[in-house]
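Here's a quick look at some backbone oddities and the empty space inside this one. Have the model open while you read.

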Amino acid sequence: MGARNNPLPILFRSGAILAIDKPAGLAVIPGRGESDSVLERLAAQLSLPCAGSADPRVRVVHRLDKETSGVLLYATDVAAQRHLSHQFQNNTVSKEYLALVAGLATADEGEIEAPIGPHPTVKKRMIVTKHGRASLTRWKVEQRLGDWTLLRVFPKTGKTHQIRVHLKFIGLPLAVDSIYNAPRDGAPIGIWLSQFKRDYRPSGGKEERPLISRLTLHAHRLTFVDQVGETQMIESPLPKDFRAIVNQLSRHGRR
């Protein structure tokens, strides 16, 4: 069965609100150059439309970058969509991400309060700029892994690429990020076992493949208030590729 036909894992469903476990590499909504999306796939899975104005239909509540995995909310009617969107707009949704960054965090925790705005010349890139919008991110160390650090990140605002931009700003960019931590000299993107395991050589003369080659960012937990006033905390387990790189770094990457 092709990936497109695989059902998306549903982490939570209550009334017109549902949370799915978004895989990395799948766009949240249809876009230019995209032949597949979470929105279209979920609509097919639920046998609901994802366009038009009539309810029920699958409605977008918030977004994750295409290469980010983790908890993603949708609504199936406009009232639920507005109920959730209001919480995101007012920054009352609690968001927790796991981020594998390049570099060793010297402090155990920190706060980044720096305005973010579009890059003046590079399309689809954001930067810290005094002309940007107020943005706040808190973080703490989960594990120190040699030349890398696993952080738990708490974005308190919801600006485009906020975590990626803020972590780069403090010198701890995501370990794999083609925009904000691109390899030098056009080198392939990813983390390889040979980078940190001494004397490692691929077996059988095969070419080494990266342990992970997508954005090292995972939306781990999301806490919100549902339509009956109950607080819901939804958690997405670390995907296989993210788990593998953390396990390998734990075994071989420590100094």
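## The loop between α1 and β3

Ser47 sits in the loop between α1 and β3. This is a predicted model, so treat the angles here as computed values. Phi of Ser47 comes out near 55°, which is positive even though the residue isn't a glycine. Is Ser47 buried or exposed? Its relative accessible area is 65%, and the cut-off for exposed is over 50%, so Ser47 counts as exposed.

That loop, running between α1 (38–46) and β3 (59–60), also holds Pro56. The peptide bond leading from Asp55 into Pro56 is cis, with omega near 0°.

## Another positive phi

Lys124 isn't a glycine either, yet its phi is positive at about 70°. You'll find Lys124 in the loop between β7 (116–118) and β8 (126–128). With 68% relative accessibility, Lys124 is exposed.

## The cavity

Now for the inside. How many cavities of 30 Å³ or more does the structure hold? Just one, and the largest cavity has a volume of about 40 Å³.

Its lining is made up of His62, Leu64, Val71, Lys95, Tyr97, Ala219, Arg221 and Leu222. Two elements, β5 (94–102) and β11 (217–225), each give two or more residues to that lining. Which one gives the most? That's β11, with three residues. By type, the lining splits into five nonpolar residues, one polar and two charged.

Note on methods:
Residues numbered from 1 in each chain as written. Predicted model: local features only at pLDDT ≥ 70, side-chain atom pairs only at ≥ 80, totals over all residues. Heavy atoms only, no water. Helix = DSSP H or I, 4+ residues; strand = E, 2+ residues; numbered from the N terminus. Buried < 20%, exposed > 50% of the residue type's maximum accessible area, 1.4 Å probe, protein only. 1 Å grid on protein atoms, 1.4 Å probe; cavity = no way out; pocket = protein on both sides within 12 Å on 5 of 7 lines; lining within 4 Å. Points joined across faces, edges and corners; volume = space filled by probe spheres on them. Nonpolar A, V, L, I, M, F, W, Y, C, P; charged D, E, K, R; others polar.
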